[in-house]
Amino acid sequence: MTSAGRALTVLHLFLVWGTMAVVVPMLGLGVLGAAWGGGPGAAVPVLALGVPAAVGLLAAAGAPARTVVPLCGSVPRRLGWAVLVFVLGTLGVLAGLAAYDEGVDLGSAGTRFALTGVPYAVAAALFVPDRWLRLGAVAALAVAVAYGGFVGPAQSERHRHEADVARLRENPELMHLGTAPPGMQVSRVEAGSAYFAVEYRAVRQDVFAYVSLAVRPAHTPVLRCPELPAPGVTCAVDAHGGMRTVRDLPGGTREVALARRHRNAEAEVTSQTLDEAGLRRFLDSLHPLSDGELEELLREKKIDHRF
């Protein structure tokens, strides 16, 4: 390819990129606006007018390359070329939107607008009869696929994970675990801005065992029983400031809850299946949630944060 041909090719690809970087966002905003105001059916007329207009502008952008790109040599062939570039480029834009919806970082708003024209320029480069330019287009396509399908999602997942850890670590005084009683394991954890709750269940599916831990900020200087406990509820505070609450349940069973101060928080453990001695041993085993334990809970998707 001569230097004049290379200059025309650069101009050609620049015109394709610039045209579609302007047209596609405008078309997309028009479709969204119509659908928002009148439902999905209202977007059909916008597409019916916008798509042919976009193809026509693409054909106009291909006119300077009629001596370089064989498919742009005549008006009918140029229209066919414009349709092909529009279809291929739109597929690339849709793939980019899907990646962005999955949290892949595509830069600022201005960068994203500029990127909308890139798939069309890459598609147009595939029709230029130059081996190195086509190889470059294929390489650009491979890079986009690798970033959108693998690198970008991995980065996005890492950023979400770091953000989750940072939010969860905002209240370290509440984030405590107890050593799981024999035959039990952590089943579910829920973290809020003013509480940290952990559920322990039996490892075996055919065995019922349940212990719940709730850690909350301490709102009173000492633990106090309710002045008017509910029917079937007994409450007492021992000499060490710990509170014991027993609730009679239907069927002759009862639920025991032990609460005590733990540093600047209040920890309460409740169970129908673990005896009082076991509950006390559980409270004695409370310890701050370690980084390794938090990573394991996040990895196993056992923790739910509500902030």
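**Exercises: rings, a pocket and two cores**

The structure, a predicted model, holds three aromatic pairs.

**Exercise 1.** Work out which class the pair F14 and W17 belongs to, and where the two residues sit.

*Solution.* Start with the geometry: the ring centres are 5.7 Å apart and the planes meet at 40 degrees. Planes under 30 degrees apart count as stacked and those over 60 as edge-to-face, with the rest tilted, so F14 and W17 make a tilted pair. Next, place them: both lie in helix α1, three residues apart, about one turn of the helix. As for exposure, W17 has a relative accessible area of 28%, so W17 is partly exposed.

**Exercise 2.** Do the same for F86 and Y120, then decide: is each one buried or exposed?

*Solution.* The centres are 6.2 Å apart with 35 degrees between the planes, a tilted pair. This pair links distant parts of the chain, with F86 in helix α3 and Y120 in helix α5, 34 residues apart. Buried means under 20% relative accessible area. F86 comes in at 12%, so F86 is buried; Y120, at 2%, is buried too.

**Exercise 3.** Describe the lining of the largest pocket.

*Solution.* Begin with volume: about 1,400 Å³. Then count the lining, which has 43 residues, with G92, V93, G96, L97 and P119 nearest the centre. Helix α3 gives the most, twelve residues. By type, the lining splits into 35 nonpolar, seven polar and one charged.

**Exercise 4.** Find which residues have the most contacts inside the largest nonpolar core.

*Solution.* Of its 33 residues, they are F196, V198, Y200, L213 and L294. Apart from this core lies another, of 27 residues, including V16 and W81.

Technical notes:
Residues are numbered from 1 along each chain as its sequence is written. This is a predicted model: local features need pLDDT of at least 70, side-chain atom pairs count only at pLDDT 80 or more; totals for chains, interfaces and linings use all residues. Side-chain values use heavy atoms; hydrogens and water are left out. On a 1 Å grid over the protein atoms alone, a cavity is a set of points where a 1.4 Å probe fits but cannot get out, and a pocket is an open set with protein on both sides within 12 Å along at least five of seven lines; lining residues have an atom within 4 Å of a point. Grid points are joined across faces, edges and corners, and a volume is the space filled by probe spheres set on the points. Helices (H or I, at least four residues) and strands (E, at least two) are DSSP runs, numbered from the N terminus. Ala, Val, Leu, Ile, Met, Phe, Trp, Tyr, Cys and Pro count as nonpolar, Asp, Glu, Lys and Arg as charged, and the others, Gly among them, as polar. A nonpolar core is a set of buried Ala, Val, Leu, Ile, Met, Phe, Trp, Tyr and Cys residues joined through side-chain atoms within 4.5 Å. Buried means under 20% relative accessible area, exposed over 50%, partly exposed in between (1.4 Å probe, protein chains only). Rings of Phe, Tyr and Trp (its six-membered ring) pair if their centres lie within 6.5 Å; planes under 30 degrees apart count as stacked, over 60 as edge-to-face and the rest as tilted.
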